[in-house]
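Me: I have a structure in front of me and I'd like to learn how to read it. Could you take me through it feature by feature?

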Amino acid sequence: MRPVDVLVRAGELASAGEPFALATVVSVRRPASARRGDRAVVTAGGAVYGWVGGSCSEPTVVREALAALADGESRLVSTEGSCASEGAVEILVEPQLPAPLLAIVGESPAAETLARLAAGIDWRVTRGLDEHADAVVVATMGRGDEEALAAALAGPAGYVGLVASAKRAEAVVAALRAAGVGEDALARLKSPAGLDLGPIRQEEVAVAILAELVAWRHARTPSAPPPEETVDPVCGMTVSLASGETFVHEGTTYAFCCAGCRARFEADPERYVVIGA
Amino acid sequence: MKDVLDTLEGWNAEGLRFATATVVKTERSAPRAPGSVLAVSEKGEVAGSVTGGCVEPAVYGEAQDVLAGGPPRLVTYGIADEEAFEVGLPCGGTVHIFLGMAERDLIDELASAVRDERPVALATEISGTEIGKQRIVELNGHFEPAIDGDTFFLPFAPRPEMYVFGAVDHAGAMGRIGKFLGYRVTICDARARFATRERFPDVDEVVVQWPDEFLRGAPVDERTAICVLTHDHKFDVPLLKVALETPAGYIGAMGAKRTTESRNERLREEGVTDEQLARIHAPIGLRIGSRTPEEVAVAVAAEIVATRRKAAVPA
């Protein structure tokens, strides 16, 4: 797979709305099997397409890729010390997360205006409730706000907002509470939606909501828990449990940097298992 | 009212008479702001809205009565809280709506003034002995609809100006959201290679000129937003000095804290006072964790909204 094929693969994943990380070798100290500019794509499942060096780099890259997908931050990782040869490579790992999906409920002018603006900053926008939505904004202007909010709060969306005046918002919250919506769910509700900028016109309301959505997007706790990490009991490298090279011994899952380490462990587990660890 | 002017001109051309219902005042929050118009032609056609559907049937009835020769009138839909749901105003606000016959010549004149972006206002007597009289007046610094005595002033101001300096990626995003907020957007940069129509197809004007020189000759009023994205003292310092001499309602400048401090130092050396420096929003935009140019533009737009609505800027 040539580096450019990796980019084609990355494009396919991006078009399909799949999260992945792009790993690019940015510096090399010889001897090393990778060259500057070598690339690989790492999927959310830990699969690797492309070449960024063999068993010295891959486990590290997979671990950092999964961590990057969890926290959304790019990182520069080094294989310094993890390789039997004296070489080392530095790899830039960039998470490529699909744009958040914003579901806008309602046919009101506020809903139309927000839909136009959100699409303008590259969010994916859908009209009506969607179970995959990251954020839901309800703006029916009194034609079904309560039903839509109850449904949204029952789902996994991290942001649920209601477009209404403060007074109306209060009434809606009271109605939801009376209908049995729990306090935990109500605490997630932004009501009225949007930063308090004193907006008057529809466009201003839309800007206030979008600003709140951007703030929410970058402040939120990672959607996926950081991948579980462990130490390869054979070579001592930190590896991800999702790396694929795992083996269960006496009820404990051990992860390995490569098939070689796993084979050595399988042949004689007692030699590597630290007693009392 | 701008949204229905085309339709009203069309009715005029057909020789139709029509009544207009105009929101002249709202209390607490209402779905549509003062100046919103619902028009009804003698054939029963409808254009625009005054509340987004809640009291339209009642207003339509009043308009029919006015079309049938009834007097002009001011009606109030006051929604007591407990009635809010019943009557249908989703927010429980109160709206005051004036109904009267529209004068044909006046509508045509208004439409042409709006097209040419001439600053005018429609003055309507909504109470007193002259009730129903309408005239077009000069826009004397009133940019928001207002009632003064018996008269309701509905301003038709030209779009406010947004000047974006620095032909960078952020400028394109800023221009798009600026247009969305109703600004006439100009991007200005001294470097001809960057300030091109191809890079910024969405904005109203792209100008190749030294920023301070351009701003010195550009129209600025208190609605004007000035966004300085050049990020280079060579341009920023003379430009901000000119900006601070204008009545611009918003002045924002890009640059991290340290850049801002060293730029302020340079401006002080040029004789700018601390009081003047306080007018500059720097670093530009609300702190919402923006990363992409589009998100930075949202942060700046939010700051502009907060500034023009005099809201306390959220931390």
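Reply: Sure, we'll go from one chain as a whole to the contact between chains, and then to single residues. Keep in mind that this is a predicted model.

Me: Okay, let's start with chain B. How many helices and strands does chain B have?

Reply: Chain B has ten helices and 15 strands. Its C-alpha atoms fill a box of roughly 70 × 45 × 35 Å along the principal axes. Of its 315 residues, 50% count as buried.

Me: And what share of the contacts in chain B, at a separation of 6 or more, comes from residues 24 or more positions apart?

Reply: That share is 59%. For a single pair, look at B:G128 and B:V242: they are 114 residues apart in sequence, and their C-alpha atoms are 47 Å apart in space. You'll find B:G128 in the loop between β6 (120-125) and β7 (134-138) of chain B.

Me: Is B:G128 buried or partly exposed?

Reply: Partly exposed, because its relative accessibility is 42%. Now try chain A for a pair with a short sequence gap: A:S240 and A:T230 are ten residues apart along the chain, with 6.3 Å between their C-alpha atoms. A:S240 sits in strand β12 (residues 238-240) of chain A, and at 0% relative accessibility it counts as buried.

Me: Now the place where the chains meet. How do people put a size on that?

Reply: The size of an interface is often given as the accessible area lost when the parts come together. Here, chain A and chain B bury about 2,600 Å² between them, and carbon and sulfur atoms give 64% of that area. Chain A brings 34 residues to the contact and chain B brings 30.

Me: How many salt bridges does the rule find across the interface of chain A and chain B?

Reply: It finds four. One you can look up joins the side chains of A:E204 and B:R309, at 2.9 Å from N to O. The rule also finds seven residue pairs in polar contact across the interface of chain A and chain B, both residues being at pLDDT 80 or more.

Me: Which helices of chain A each supply at least two residues to the side that touches chain B?

Reply: Those are α3 (109-120), α5 (166-178) and α7 (202-219) of chain A. The largest share, eleven residues, comes from α7(A). Sorted by class, this side of chain A has 14 nonpolar, eight polar and twelve charged residues.

Me: Cysteines next. What exactly is a disulfide?

Reply: A disulfide is a covalent bond between the sulfur atoms of two cysteines. Over all chains, this structure holds zero of them.

Me: Why does B:C227 not bond with B:C188?

Reply: Because their sulfurs are 13 Å apart, too far for a bond, and B:C188 holds the closest cysteine sulfur to that of B:C227. B:C227 is buried, with a relative accessible area of 0%. Over in chain A, A:C261 also counts as buried, at 6% relative accessibility.

Me: What about the backbone? Where are there cis peptide bonds to look at?

Reply: One joins A:S191 and A:P192, with omega about -5°. A:P192 lies in the loop between β10 (189-190) and α7 of chain A. Another runs from B:A282 to B:P283, with omega near -10°, and B:P283 is in the loop between β15 (280-281) and α10 (293-308) of chain B.

Me: And phi? Which residue other than glycine has a positive phi near 55°?

Reply: That's B:E117, in the loop between α4 (104-115) and β6 of chain B. B:E117 counts as partly exposed, at 29% relative accessibility. B:H231 has a positive phi too, near 60°. Look for B:H231 in the loop between β13 (225-228) and α7 (233-243) of chain B; with a relative accessible area of 44%, it is partly exposed.

Me: Last one: B:E56. Where is B:E56, and which residues does it touch?

Reply: B:E56 is in helix α2 (residues 56-67) of chain B. Leaving out residues up to four places away in sequence, B:E56 touches B:L38, B:S49, B:V50 and B:T51. B:E56 is buried, because its relative accessible area is 12%, and the cut-off for buried is under 20%.

Methods:
Residues numbered from 1 in each chain as written. Chains lettered and ligands numbered in written order. Heavy atoms only, no water. Helix = DSSP H or I, 4+ residues; strand = E, 2+ residues; numbered from the N terminus. Buried < 20%, exposed > 50% of the residue type's maximum accessible area, 1.4 Å probe, protein only. Contact = heavy atoms within 4.5 Å. Buried area = accessible area lost by both parts, 1.4 Å probe. Polar contact = N/O pair within 3.5 Å; in protein donor to acceptor, adjacent residues only side chain to side chain. Nonpolar A, V, L, I, M, F, W, Y, C, P; charged D, E, K, R; others polar. Disulfide = S-S within 2.5 Å.
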